Amino acid sequence: MSSFVDECQLHAKGGNGGAGCVSFRREAHVPRGGPDGGDGGRGGDVWLVADRNVASLLAFRDFPFRRATDGGHGQGRKRHGRNGVDEIVHVPEGTVVRDSDGAVLADLVNAGDRWLAAHGGRGGHGNTRFASNRLRAPHFAAQSESGEERWHSLELKLMADVALVGFPNAGKSTFISAVSAARPKIASYPFTTLTPHLGVVRLDDGASSAPGPGPGSGSFEMVIADVPGLIEGAAEGKGLGHQFLRHVDRARVLLVMADLAEVTNRDPHEQVDVLAAELERYDPELARRRKLVVGTKADVAHLDWHGLRLSAVTGEGVAQVLRELRLLVDEARAIDDAPGQYVVHRPEPTGVTVLRLADGVFEIVGRQALRAVALSDLTDPDALAWAQRRLESLGVSRALARNGAVEGDLVRIGDFEFTYEPD
């Protein structure tokens, strides 16, 4: 069973609000105490928070549901219900959130970045809120509002200083295991690594390749990502395709690795050209990313190559490659071209919208209209009159008239239905 998951679904459900209370003060020696029903509490929100201690999206693979707690109901003596507790969902740094249509909603890059995945429902008003000179003793209260319920797609793009780019079996896993504590499975497989691995490389002031037991003064650290191997046509989704390229997308520096062993049956210069073409086709910016090209498997090399070469098995050339990578990473960090948090803010819809359904029914859509009829007892004449005045103030009658409603048409607002009668 794989312990690394970089794509998953999330079902976020905000907590429901609490209902308002209908209550009247009744105490000895207190005539006409009046209404004293309290408001319901709001439901909790669902928040996504980037956490560097979370490595993958594995926690969502078998259980994608996350729900905040509901708000408490209002009580007599003007006691309000408690608010629901927010649900904090920890995701890895570099998590991209998309809606059901694939549009990006948030990109949580750095530890602590937050995004609101689902709003909690508002609590209903108690009958105290409806008291006025016209209505001294309201016998109704507002019901609770349901929490927002949404499906999201989560996608992880690894955050690394260096990403290893090469064909399958090019020696990437052997290299990262030699320079860091990462331990991917290594063998002469005819296929690629299926899951990415991150390794921390620590260099001393002399840029030694030895990882060392701990950072000393002036030590340098960089994160290297060993990602699935690239094949020709990956930009069109062949092989692991975009699963590979997604994890390269955020690396500051690319280490392009050409296999010098003759068993590959492909010239190393041709390998580099194919890899560069795939990066260009996926994202032209990737082709312009800082990169270092090196030939691998120098200990068994039989192919012509005049550039940098290394052997992760014997250690040949490893220190020089790490020194070159350090210079490129330092340069990239100085410019600080790593992406920042990206969140899409959309205004909440206001007002009311009239829809004409296939069966001829007019449906009123809008949060304010729904709350206007969400009363505990619409059979109460006072409650019905209050709802009618509220709908009138929202312009529902005018909107129905503009959309062609005539006397006798059925109008629906949530679960509430009534017959339209023009003014």
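This section describes a sheet, the helices that pack on it, and the salt bridges of a predicted model.

Six strands form an open sheet in the order E10-E11-E9-E12-E13-E14, with mixed pairing. The edges of this sheet are E10 and strand E14 (308-309), each of which pairs on one side only. Strands of a sheet pair through backbone hydrogen bonds, in either a parallel or an antiparallel arrangement. Between E9 and E12, which run parallel, there are 5 bridges. Val165 stands opposite Val256 of E12. Helix H1 packs on the sheet, where it touches E9, E10, E11 and E12; the direction of H1 makes about 155° with that of E11.

Helix H5 comprises 18 residues (318-335). At 1.5 Å a residue this helix should span 26 Å, and its end C-alpha atoms are 26 Å apart, so the expected and modelled spans agree. The buried residues of H5 are Val318, Val321, Leu322, Leu325, Arg326, Leu328, Val329 and Ala332. An α-helix has 3.6 residues a turn, so residues three or four places apart point the same way. The buried residues of H5 pack against helix H1 (172-179) and against five strands, namely E9 (162-166), E10 (197-203), E11 (220-226), E12 (253-259) and E13 (290-296).

Side chains of opposite charge can pair when their charged atoms come close. Across the whole structure, 19 salt bridges are found. One of the pairs joins Glu93 to Arg52, with an N to O distance of 3.8 Å. Glu93 lies in the loop between strand E4 (87-91) and strand E5 (95-98), and Arg52 in the loop between strand E2 (46-50) and strand E3 (65-67), so this salt bridge ties together parts that are 41 residues apart in sequence. Glu93 is partly exposed, at a relative accessible area of 22%, whereas Arg52 is exposed, at 60%.

A salt bridge also links the side chains of Glu285 and Arg289, at 2.3 Å from N to O. Here Glu285 is partly exposed, with a relative accessible area of 32%, while Arg289, at 10%, counts as buried because the cut-off for burial is under 20%. In a further pair, the closest N and O atoms of Arg412 and Glu417 are 2.8 Å apart. Arg412 is partly exposed, with a relative accessible area of 21%, and Glu417 likewise counts as partly exposed, at 41%. Finally, a network of salt bridges links Asp161, Arg252 and Arg333.

Technical notes: Residues are numbered from 1 along each chain as its sequence is written. This is a predicted model: local features need pLDDT of at least 70, side-chain atom pairs count only at pLDDT 80 or more; totals for chains, interfaces and linings use all residues. Side-chain values use heavy atoms; hydrogens and water are left out. Helices (H or I, at least four residues) and strands (E, at least two) are DSSP runs, numbered from the N terminus. The expected span of a helix is 1.5 Å times one less than its number of residues. Buried means under 20% relative accessible area, exposed over 50%, partly exposed in between (1.4 Å probe, protein chains only). Contact means heavy atoms within 4.5 Å. Two strands pair if DSSP finds at least two bridges between them. Axes are lines fitted to C-alpha atoms, for helices over the stretch in contact, and angles run from 0 to 180 degrees between N-to-C directions. A salt bridge is a side-chain nitrogen of Lys or Arg within 4 Å of a carboxyl oxygen of Asp or Glu.
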